[in-house]
Amino acid sequence: MKKHLNTLFVTTQGAYLSKEGETVTVKVENEVRLRIPVHTIGGIVCFGQVSCSPWLMGYCAQQHVAISFLTEYGRFLAKVQGPVSGNVLLRREQYRQADNPEISACVARAVLTGKIANCRKVVERVLRDHSGKINADAVSTASKKLAISMRRLQSEPSLDILRGIEGEAALTYFGVFDHLITSQKEDFTFHERNRRPPMDTVNCLLSFMYTIIMHDVRSALETVGLDPAVGFLHRDRPGRPGLALDLMEEFRPFLADRLVLSLINLGQVKGKGFEKKENGAVLMDDETRKTVLTAYQTRKQDEIMHPFLNEKVTIGLLFHIQAMLMARRLRGDLDAYPPFVWR
């Protein structure tokens with residue numbers, strides 16, 4: 001369990017939260033692990049097998065401290081909140097700002113800066129660690145082009161032009177993605193990004209990872225009271241979680257792409273774990289899916305230094321922290337949204 005910004009995250013399985021005076025007490029196996037005054041926090045997020053006493057839930061509702069319950073894997077389940085909620089004000093502010101082209105472009109520029117910076121980091125890491133195994137000249141050129149794309153983002157005010165720069169950066173990045181695969185080339189070769197359905201093993205892995213990250217980001221947005229459907233870069237479309245897609249941009253290269261490359265390059269997934277259907281679609285079998293999910297959950301437990309908060313956080317909590325930072329940006333507590341940039 002850990003407190004970030006003004007939210008208490010409880011990830012220890014079997015933890016029990018109760019009220020002692022005006023304090024939240026967290027016990028694990030009848031041992032008190034934490035006491036924290038309710039007035040110092042704005043929310044509590046419980047992952048998995050974490051339970052709360054009715055007295056604590058009632059008291060937190062009175063104090064406007066929301067308690068959210070998520071599965072151990074981060075899927076949003078429910079939220080306990082008092083009758084007067086500030087979320088409606090936050091959502092109205094989200095809708096107003098999403099209707100403003102200039103603000104939408106500012107937020108889009110921030111998330112795209114995070115995405116392209118993290119793409120470049122993926123490329124640079126492989127270049128640093130495996131330059132002898134790859135086409136280093138092509139990868140190095142791609143890194144320089146991505147740096148140019150990042151600079152161009154900062155001077156373009158139009159949302160359409162920003163999307164164009166993103167498209168060019170994606171072509172550059174995925175143009176060298178096959179070079180980043182250093183083993184099992186006979187089974188894992190990347191030509192281009194394809195989906196719905198994925199037509200090769202690499203795209204099958206990428207699409208699966210993007211889907212589960214999108215669900216985690218969507219849960220995080222629900223937790224902080226934002227509407228996952230109303231985005232800034234991704235505009236409104238029925239059934240599309242626009243803001244969740246916005247916020248996951250910075251996590252695609254850092255979390256999904258890196259994990260897919262590791263699974264392939266370390267031999268944790270094999271070509272025999274995939275099946276090609278008559279229509280050309282490639283599907284992974286249950287055992288491979290379990291391997292990918294286990295690796296993802298393990299990765300989420302790793303700690304990194306958050307570049308904006310300047311404190312250690314688990315990767316699994318990054319979605320919630322970025323969602324909180326987005327909410328603070330919309331409330332006006334921050335001048336700009338600080339994307340997660342991998343260092």
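User: What makes Arg152 and Glu168 a salt bridge?

Analyst: Distance and atom type. This is a predicted model, and in it the closest N and O atoms of Arg152 and Glu168 are 2.7 Å apart. The cut-off is within 4 Å, from a side-chain nitrogen of Lys or Arg to a carboxyl oxygen of Asp or Glu. The pair therefore counts as a salt bridge.

User: Which parts of the chain does the pair link?

Analyst: Distant ones. Arg152 is in helix 4 and Glu168 is in helix 5 (residues 159-175), 16 residues apart.

User: Why are Arg152 and Glu168 called partly exposed?

Analyst: Buried means under 20% relative accessible area, and exposed means over 50%. Arg152 has 33%. Glu168 has 41%. Both values fall in between, so both residues are partly exposed.

User: How do you know that Asp216 and Lys300 form a salt bridge?

Analyst: Their side chains meet at 2.9 Å, N to O. The limit is 4 Å, so the pair qualifies. Asp216 lies in helix 6 (residues 201-224) and Lys300 in helix 9 (residues 286-300), so the pair ties together parts that are 84 residues apart in sequence.

User: Are Asp216 and Lys300 buried or exposed?

Analyst: Both Asp216 and Lys300 are buried.

User: What makes Arg252 and Glu249 a salt bridge?

Analyst: Again, the N to O distance. It is 3.2 Å between the two side chains. That is within 4 Å, so the pair counts.

User: Why are Arg252 and Glu249 called buried?

Analyst: The threshold is under 20% relative accessible area. Arg252 comes to 18%. Glu249 comes to 2%. Both values are under the threshold, so both residues are buried.

User: Which residues are joined with Arg252 and Glu249 into one network?

Analyst: Lys115 and Glu166. Salt bridges that share partners connect these with Glu249 and Arg252.

User: How many salt bridges does a search of the whole structure find?

Analyst: The search finds 13.

User: How do you know that Arg329 has no salt bridge?

Analyst: The nearest side chain of opposite charge is Glu93, 7.2 Å away. A salt bridge needs 4 Å or less, so Arg329 has none. Arg329 is nonetheless buried.

User: What is Arg329 in contact with, leaving aside its neighbours within four places in sequence?

Analyst: Arg329 touches Gln97, Ile103, Leu334, Asp335, Ala336 and Tyr337. Arg329 itself lies in helix 10 (residues 318-331).

User: Why is helix 10 called largely enclosed?

Analyst: Because 12 of its 14 residues are buried. Among them are Leu318, Phe319, His320, Met324 and Arg329.

User: How do you know that the length of helix 10 is close to the expected one?

Analyst: Compare the spans. Helix 10 reaches 20 Å from its first C-alpha to its last, and 20 Å is expected at 1.5 Å a residue for its 14 residues. Just after helix 10, Gly332 has a positive phi of about 95°.

User: What makes strand 4 and strand 5 a pair?

Analyst: Bridges. Pairing takes at least two. Six join strand 4 (residues 23-28) to strand 5 (residues 31-37), so the strands pair, and they run antiparallel. Thr23 stands opposite Pro37, and Thr25 has Arg35 as its bridge partner.

User: How many residues lie between the two strands of that hairpin?

Analyst: Two residues separate strand 4 and strand 5, and Glu29 in the turn has a positive phi of about 55°.

User: What is the strand order of the open sheet?

Analyst: The order is 5-4-3-7, four strands with mixed pairing. Strand 5 and strand 7 (51-52) each have a single partner strand, so they stand at the edges with one side lacking a neighbour in the sheet. Helix 1 (residues 54-62) packs on the sheet and touches strand 3 (16-20), strand 4 and strand 7. The direction of helix 1 makes about 65° with that of strand 3.

User: Why is Gly132 called exposed?

Analyst: Its relative accessible area is 78%. Exposed means over 50%, so Gly132 qualifies. Gly132 sits in the loop between helix 3 (101-130) and helix 4 (136-155).

User: Why does Ser155 count as exposed?

Analyst: Ser155 has 55% relative accessibility. That is over 50%, so the label holds. Ser155 is in helix 4.

Terms used
Residues are numbered from 1 along each chain as its sequence is written. This is a predicted model: local features need pLDDT of at least 70, side-chain atom pairs count only at pLDDT 80 or more; totals for chains, interfaces and linings use all residues. Side-chain values use heavy atoms; hydrogens and water are left out. Buried means under 20% relative accessible area, exposed over 50%, partly exposed in between (1.4 Å probe, protein chains only). Lys and Arg count as positive and Asp and Glu as negative; His and the chain ends are not counted. Contact means heavy atoms within 4.5 Å. Axes are lines fitted to C-alpha atoms, for helices over the stretch in contact, and angles run from 0 to 180 degrees between N-to-C directions. The expected span of a helix is 1.5 Å times one less than its number of residues.
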